[in-house]
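Got the viewer open? Keep the selection box handy, and we'll walk through a few stops one at a time.

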Amino acid sequence: MSGVSIDHLISIVVLFFAVLLFIGLFNQTLSSAVNYQRNTSTAKACGDLLDTMLLTPGIPTAGTPIAFGLQDTALTQYQLDPFSVMRLDSSLAAPISYQKTGLTYSNITASPHNYLLYPYTDMINYSTALTLLGINGTYGFQLSLIPTVNIFIAQVSASPLSLSLNVIGTGFPLAYAKVNCLLIPVLLNTNYPDFETIAHQTETNETNSVGSTSITFSNFYPNPNLTYAVVAYAYLDGITGIGYYEPSPVGNQSIVPFLDPLSTQNVTLAHSDDVPNTSTSANTLYYNTTFILESQNYAIQETSLGSSNPSGSVTSGPGNPPTSISMGSYTPGILVIAYDNSGNSGVVMMPWGFSSLGFSMIFGGTPLNHGWVATDLRQVQINGVSYQVKLSLWSEKGYQESG
Amino acid sequence: MMRTVEVLLVIILLGAAYVATSSFIALPSPSTVSPVDLNQLAYTTLQELDSRYDLSSAAFQTNNLTAWGDLQIALAASLPANMVYNLTVYNVNTASNGAPLYSSVASISNAANLASTDASSYLEASSNVTYISTPQQISTNGVPITLYILDCSDTAGWWITGYTPSSLAQTVYSLLSPYFKTTVMVQNTNQLNQLLNGKPIEGESLKNAIIVNTNGEAVPIPSQFNSTNPLGFNSTYNSYSKYDYTLGKLTQFYNWTWVSIVGYPFYYVTNTGFLNNVQNGFGIYGISKSGNVATQDTGAPGLYAFLEGLDNQPYVYNTNSIAGTPQTGSTVYLSNQAQSLCNYYGLYPSYYQTSTRALPTSITGTYHLAVTTYLFNTTFGQPPQSTYNPGAVYRHLSGTNYEGGFLALGMTRIPDIRLTALGILCDYQPARYGSLYTAAGSNRLVVLQLGTVGGR
C-alpha cells in the first residue's frame, strides 16, 4: 500500500515539474513568435511612414502644418520641397543662441563657414511631427537625409587657381561624371568687398575612372586682396551632387547668417563676436552679398540678391543691432556673403533651400536603447540634388526582441 | 511503479510535442523580419536615374557602350555599398493573341547570382509616346545672340508690385535661358554702364542682344549718367530723359531689342545710389520720373526720347502722354499667333489682360517702326479716335534692314512675366527639336533587381 502511495506521490511531483518546464518552453516559443510578429509590423509601418512623409505635400513656409510631409507638389513623387526640409529641427549639431535676437537656432552647419541656422520658434519639432503623423506614444523615429553624391574640393595651386575635385557616391566614386564649376572672385581692397566678374568664370570638366578631376581658372590668381568661393555640380545619369569650397578665412571675426522665419524671406547677419553673447567691444565688418542659382541644364549662374541693401556693415557690441537682408523670393540657391575689415576677411555661404549646398540632416529621436529598430531607405531629389532618405522606426510600447 | 512509467510516458509525449512544435515554428532571421524595402528602393532608384531621361535614352541605346557604362556607374554610386543589383532591359512586343511578349535586350549586374532579392520595374516609352524636346538657340544671321537680364541690385522697381526686380529676373532666366547660348544677369548699374560702353561682361557678343528690364516702368541708370553727363541728363529741362535718348541710340547701334515688361516704358529712371535723395512722387526713393527731376511732374519724355534715339532723330523734350487705355474696359486679348504658340512653348498666361499703357499705332510712322509681332490684338482707344497696340514687338526700319527693336507690354500692374517670355519667343520663334529614339519597339521594360550582400 505504501509502495503505491509513494509511486503516486513521485509521479505527481515529476508530472508537476515536467508541466512547469514545458509551459516555460512553449511560452518562450510563443513569445518569440509574437515579438517577431510585432517587429514585422514595425518594419511594415516603417515603409508606410516613410512613404507618407515623402509623398505628402510639403510643410508650408509659415504656420503649423496640418500634416507632416516633405513632397514638392510642383514635381513628381519622391521629389522633396527644399524649404519644407529647412523647417525641420535637426539634431546633427548643438543649437546656437544669439542674444541680440533672443532666439535659439537649430544648427545644420556643415563646416565652420557654411551655415544653416534656423530659429526654433518656427521649426517643426519632433513632438509635433509625431502628433501630425498620428504615432505619438506608439512609435518613435529618426529621419536622415544624406546626399547621394559628395564633392570634396581642395585648392592645389594659387598661380593660377587650380582645384582638385573628388566626386564620391554612396557606393562608389562617380566616374566619368560631368562637373560644372563656378568661381566667385571677391575683391577685398575696396570699401566693401566686391564680387568681380571675370572671363571664363565657369569651367566644365569630367571626372576620371576614380571620380577625380582638376579644374584650373587660368586667369585668376588669388592673393591677400583677392579671395574667392567655388561651387561645383557633378552629375551623371540623373545622379546629381553639389560641392563648395572657400579658402580659410583671415582673422577671428566673421559674419554669421541667421535665418529668420521662412515666411519673412529675411536673413539676419550677425557679427561672430556677438554669438552667442553680445560682445563688449564694437568691431565692424563690411560685407557684400550675391546669390547663386542653378538652372535645369546644370548651369550655375551668379545673380544679384535683389535686396535693397546687398552690401553694408555689421558691428558687434551693445547698441549695434544686426543687419537684415531680404532674399526676395523662394527660388532656391546659395547666399554668398563676403566680409572684410581690420585684418578679418573671408567668404561665408548659406543655402537658401535645404539642398543648395548639399547639407545633411538628421531629424527626430535617437534609436539607442529602443530594442528593435526597423529601417527603410528611398532615393529622392531635392531641387535636383540627389539624396538618400533613411527612416529608423521603433516601437514605444516597451516590447522588444526576446532571447 | 506503473504511475511513474505513465508520467514518464506523458513527459516523453510533451517533449515530442515541443520538438514537433519548434520544428514547425521556424522563426525567421532578423533581416527577414525587418528588411529594407528593396522593391521601393529599386523603384526610387529607377525614378532618379530617369529624372533627366538618361535611363530612357540608355534603354533604347543598348549598343551604346558609353551610355551603358555611365548608367552602371550611376547605379553603383547611388546604391549602398552592400547592395547587389541586376538591371535588365526587356523589349515589349505583342503576340498574335494580344499578349505582351518580353524579350531580354541587355543587362548589367555586379553579382553572378541574385538568389534572394526584390525587384521593381519601370516602363520606358520611345518617341512614339514620349516627347523630349531641345530648344533651338535663338540667333540672328546664324550667330547666337545674348540675353541680358537687368537684375541690378542698386535699383528699385515700379509697377512690379509684389515682386522684386531680382525675383522677376530669376523667373525670366528660368523661362528663357534654355533658348540662348549666353544669358547674362546684369547685377548692378556698373555692369550696365560697362555694357553701354560696348564692353562685354563675360566675353559675350553684344550685337543683336535682347535686354530685359525687370524694373517695370523704371529703367536702371548708372551713376556715370548723372546730372553732370550730357549723355544722361538734359540740364535745360532738368531731365534724365537724355539717358533714355542715349539708350535708344545704343539700341539702334547694336541692334538690341529692349524689353519693357509692364506699364509705361521709360517713365522713370532708378538708381538707389546717386538718386537716393530723389523720390518719384509716391515716396519711393531712388526713383525719378524721366521729366523734370525737381518737380517730378511727368515721366512721359522718357519714351519719346528713347524712340527719337532709336530713329536717330534729334532729342526733343516732350511732356505729352503718349500711352493710352484701350476701350472695352481696358481688356485686351492675345493675338491668334500668340495663343497658338502658347501650346508650343508651354506658356499659358490668361488670354485676356488689362492694359492701360498701350502705345498708339501712330508711332510706327513717326519713328519708322515696323511691328514684327503682335502679342495682343490691336484695339481702339478711349475715345476711339486712334488705335493702340497693347503689346507688340517693334523693329526700327533703316531702309529694308532692322536696326534696333522694342518689345513694349502696356499692361497694368501686376506684371505677368510669362507675357515677356511669350513675346520674345513669338518674335524669334525658336524651334523645339524632339529627340528621337531609334528603337523598333515603342516600349521597353527596365527591371532593377536588388539584393543585399550576405542574403536578406
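Select residues 333-341 of chain A. This is strand E20, and eight of its nine residues are buried, where buried means that 20 or more other C-beta atoms lie within 10 Å of a residue's own, exposed means 12 or fewer, and partly exposed is in between, with C-beta atoms placed from the backbone. Strands (E, at least two residues) and helices (H or I, at least four) are DSSP runs, numbered from the N terminus. Before you click on: this is a predicted model, in which local features need pLDDT of at least 70 and side-chain atom pairs count only at pLDDT 80 or more, while totals for chains, interfaces and linings use all residues. Residues are numbered from 1 along each chain as its sequence is written, and chains are lettered from A and ligands numbered from 1 in the order in which they are written.

**The neighbours of E20(A)**

Add strand E16 (residues 284-294) of chain A, which pairs with E20(A) in the antiparallel sense over seven bridges; two strands count as paired if DSSP finds at least two bridges between them. To find one of the bridges, pick Phe291(A), whose partner in E20(A) is Leu335(A).

Now add strand E21 (residues 344-352) of chain A. Nine bridges join E21(A) to E20(A), and the two run antiparallel. Here, try Val336(A), which has Met349(A) in E21(A) as its bridge partner. E20(A) and E21(A) form a hairpin with two residues between them, and in the turn Ser342(A) has a positive phi of about 50°.

**Backbone oddities in chain A**

Jump to Ser159(A) and Pro160(A), which are joined by a cis peptide bond with omega of about -10°. Pro160(A) lies in the loop between strand E6 (149-158) and strand E7 (161-169) of chain A.

Next, click Tyr78(A). Its phi is near 60°, a positive value in a residue other than glycine. You'll find Tyr78(A) in the loop between helix H1 (2-55) and strand E1 (79-80) of chain A. Buried or exposed? Tyr78(A) has 23 C-beta neighbours inside 10 Å, so it counts as buried.

**Where the chains meet**

Show both chains. The contact takes 61 residues from chain A and 63 from chain B, with two residues in contact if their C-beta atoms, placed from the backbone, lie within 7 Å. On the chain A side, H1, strand E17 (300-303) and strand E23 (373-382) are the elements that give two or more residues. Which element gives the largest share of that side? H1(A) does, with 19 residues. By class, the chain A side has 26 nonpolar, 30 polar and five charged residues; Ala, Val, Leu, Ile, Met, Phe, Trp, Tyr, Cys and Pro count as nonpolar, Asp, Glu, Lys and Arg as charged, and the others, Gly among them, as polar.

**Over to chain B**

Hide chain A. Chain B has twelve helices and 23 strands, and buried residues make up 46% of its 456 residues. Among its contacts between residues at least 6 apart in sequence, 71% join residues at least 24 apart.

Select helix H8 (residues 241-254) and helix H9 (residues 301-310) of chain B. They pack at an angle of about 30°, with their axes 6 Å apart; axes are lines fitted to C-alpha atoms, for helices over the stretch in contact, and angles run from 0 to 180 degrees between N-to-C directions. H8(B) and H9(B) are therefore roughly parallel to each other (under 35 degrees is roughly parallel, over 145 roughly antiparallel, 65 to 115 roughly perpendicular, and the rest oblique). Residues that make the contact include Tyr245(B) and Leu247(B) of H8(B) and Phe306(B) and Leu310(B) of H9(B). By class, this contact has seven nonpolar, seven polar and four charged residues.

Now swap to helix H10 (residues 336-345) of chain B and H12(B), which pack at about 100° with their axes 10 Å apart. That makes H10(B) roughly perpendicular to H12(B). Light up Gln337(B), Ala338(B), Leu341(B), Cys342(B) and Tyr345(B) of H10(B), together with Leu422(B), Leu425(B) and Cys426(B) of H12(B), to see the contact. Its classes are seven nonpolar, one polar and no charged residues.

**Last two clicks**

Go to Arg413(B): the peptide bond from there to Ile414(B) is cis, with omega near 10°. Ile414(B) lies in the loop between strand E21 (401-409) and helix H12 (417-428) of chain B.

Finish on Phe266(B), a residue other than glycine with a positive phi, near 60°. Phe266(B) is in the loop between strand E11 (257-260) and strand E12 (268-270) of chain B, and with 30 C-beta neighbours inside 10 Å it counts as buried.
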